[in-house]
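Here are a few exercises to work through with the model open beside you. Try each task before reading its solution.

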Amino acid sequence: MDKKNRKRRTCVVQAGLGDPVNYRAVIPPLCLSSTFQMDEIGKKAVHEYSRTRNPTRDHLAQAMAEIEKGYGACVTASGMAALTLIVHLLNPEDLLIAPYDCYGRSYRMLSALAEKKHFRLKFVDQYSAKGIEEAFSETPKMVLIETPSNPVMRIADIKAIAAKAKACGALTVVDNTFLSPMLQQPLTLGADIVYHSTTKFLNGHSDVVGGCVVTNTKELWDQLDFWANSLGLIGAPFDSYLTLRGLRTLELRVHRAQENALAIAQMLESHPKVSKVYYPGLPSHAGHTIAASQQEGFGAMLSVELKGDQDTARRFVAALNLFRLAQSLGGTESLINHPASMTHVSMGPEAREKAGVTDQLLRLSVGIEHIEDLLSDLRGALAAV
Ligand code: PLP
C-alpha cells in the first residue's frame, strides 16, 4: 500500500518498523552514536554527524511528516526550540503577527526577540472577523496561530486566516500542541508550517521535553533544516526514541482522554460553584462551530473558572487527589494548572487580564483514567470549597 494512503493510526504504529539496515529488527533500535564511519574521502553519506542527521531522530521526523501530511519535519529539543527555529525564517524588517493570548513563554520569547530587533511583532485578536481585519492592516510576513488557545480555548479559523495570509504572501504557522495531528491537521487547512511541543500529547507520558516542526514544502523544510543544524536546536536521539514509542498509542490516548474531557466539561458546566467552563466541545463555547468544522474532535484540554477568588482555586486544588498540580499537559495522567501563577505568569497582569486569565481560572489536562474516578475527584473538591 502506498504510504500516502495509510491512515494516521497506521502511520504512527508502522513508522520505521522493519528497517532492513537494522538487522530487520521490528522495532528500530535506538541509535545514540554522535558520529558515523564514512566510506572514503569526498563521498557524502546520509549519516555523518548526529547534529545534522540521526537515524532515530529521522524516524520520528518521518512519522511526524506523515501524520501531519507535510513534506518533511525537523525534530527539536523542545516546543520553544521549534518556535525559535521557525522565527529564524524572518528578517529584521519582517512583521510577525501573533495572538495576544498565546502560550505565556511564547509571548515572552517573541517579545524579547522583537525588542532585540530580530523581527517586528504585533499581538493581535484572531478570534473575530473585525480582529482579523485589523490584524492584517499592515502586511505581515508570518502569521502565528495557536488554536485552541492556552488556557481559555479560543478557536481561530485556520482556513480563513491562512487564506488572508496567502493573499499577502505571508507564511501561516500553527501551534498544534493542544490537539495533536489526530484531531487537527493545519497543513490540510492551508497552513505552511505546523509545530508542536512534543512534550505534550505526542510523547504523551510526561517523561520527555521535545518539539517538532512540519512544513508543507521542500523549500521551507530545507531552510528550517539548515537553521536546526546551524543553531543546534535538534532533539536528542533518546528523546526521539521515547517520543516515537509514545506516538504509537497517540490515537487511543487522545480519543479516551477527550471522551473523559467532554463528560467533565458537562458536569462542571452544570455545577453551582462554577462560573464558566471553557471547552470547545460544549455548544455554549464561542468557538464551537468553527472547532467542529476544522477539528476531528474537541481534545482533552479544558479550563474552568470557579466562583470566588484565588483562595477558592487554592482550596479546590488542595482537595484534589487524582488531578495533580503541575505545569505540563497531554500525559496519560490528569493534571491541573493555575495559569495566573504558573504557565502565564510571564505575561504580566495586564496581558493576562486581556487574555481572560483570571486568578480563579484553572486549566485541566484530562488523562485516560476511569471517568467515574475523575468525576468523583472533581465533585469532592468542589464540595470542599
Ligand atoms: N506551545 C504550547 C501551546 C505549549 O503549551 C507549550 C508548553 O507548555 C509550548 C508551546 C512550549 O513547549 P516546550 O515546553 O516543550 O518548550
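**Exercise 1. Work out the strand order of the open sheet of 7 strands and name its edges.**

Start with the order: the open sheet runs S1-S7-S6-S5-S4-S2-S3, and its pairing is mixed. Here strands are DSSP runs of E with at least two residues, helices are runs of H or I with at least four, and both are numbered from the N terminus. Two strands count as paired if DSSP finds at least two bridges between them. Next, the edges: strand S1 (72-76) and strand S3 (120-124) each pair on one side only. Last, the twist: neighbouring strands are turned by 20° against each other on average, direction ignored.

A word on ground rules: this is a predicted model, where local features need pLDDT of at least 70 and side-chain atom pairs pLDDT 80 or more, while totals for chains, interfaces and linings use all residues. Residues are numbered from 1 along each chain as its sequence is written, and side-chain values use heavy atoms, with hydrogens and water left out.

**Exercise 2. Find how S6 and S7 pair, then find which strands helix H4 touches.**

Strand S6 (residues 193-197) and strand S7 (residues 211-215) are antiparallel, with 5 bridges between them. To check the register, look at isoleucine 193: its bridge partner in S7 is threonine 215. Now for helix H4 (residues 104-115), which packs on the sheet and touches strand S2 (95-99), S3, strand S4 (142-146) and S6. Contact means heavy atoms within 4.5 Å. The direction of H4 makes about 145° with that of S3; axes are lines fitted to C-alpha atoms, for helices over the stretch in contact, and angles run from 0 to 180 degrees between N-to-C directions.

**Exercise 3. Describe S4: are its residues buried or exposed, and which strands does S4 pair with?**

First, burial: 5 of the 5 residues in S4 are buried. The cut-offs on relative accessible area are under 20% for buried and over 50% for exposed, with partly exposed in between (1.4 Å probe, protein chains only). Second, side chains: Met142, Leu144 and Glu146 point one way, while Val143 and Ile145 point the other. Third, partners: S2 pairs with S4 in the parallel sense over 2 bridges, with leucine 96 opposite methionine 142. S4 also runs parallel to strand S5 (residues 171-175), joined by 5 bridges, and valine 143 stands opposite threonine 172 there.

**Exercise 4. Find out what surrounds the side chain of arginine 363.**

Locate arginine 363 in strand S12 (residues 361-365). Then look for a charge partner: arginine 363 is buried yet has no salt bridge, and the nearest side chain of opposite charge, glutamate 146, is 7.8 Å away. Charge here means Lys and Arg positive, Asp and Glu negative, with His and the chain ends not counted. A salt bridge needs a side-chain nitrogen of Lys or Arg within 4 Å of a carboxyl oxygen of Asp or Glu. Finally, check polar neighbours: the side chain of arginine 363 makes a polar contact with that of asparagine 150 at 2.9 Å, and the backbone oxygen of glutamine 327 is 3.2 Å from one of the polar atoms of the arginine 363 side chain. (A polar contact is a pair of N or O atoms within 3.5 Å; within protein, one must be able to donate a hydrogen and the other to accept it, and residues adjacent in sequence count only if both atoms are side-chain atoms.)
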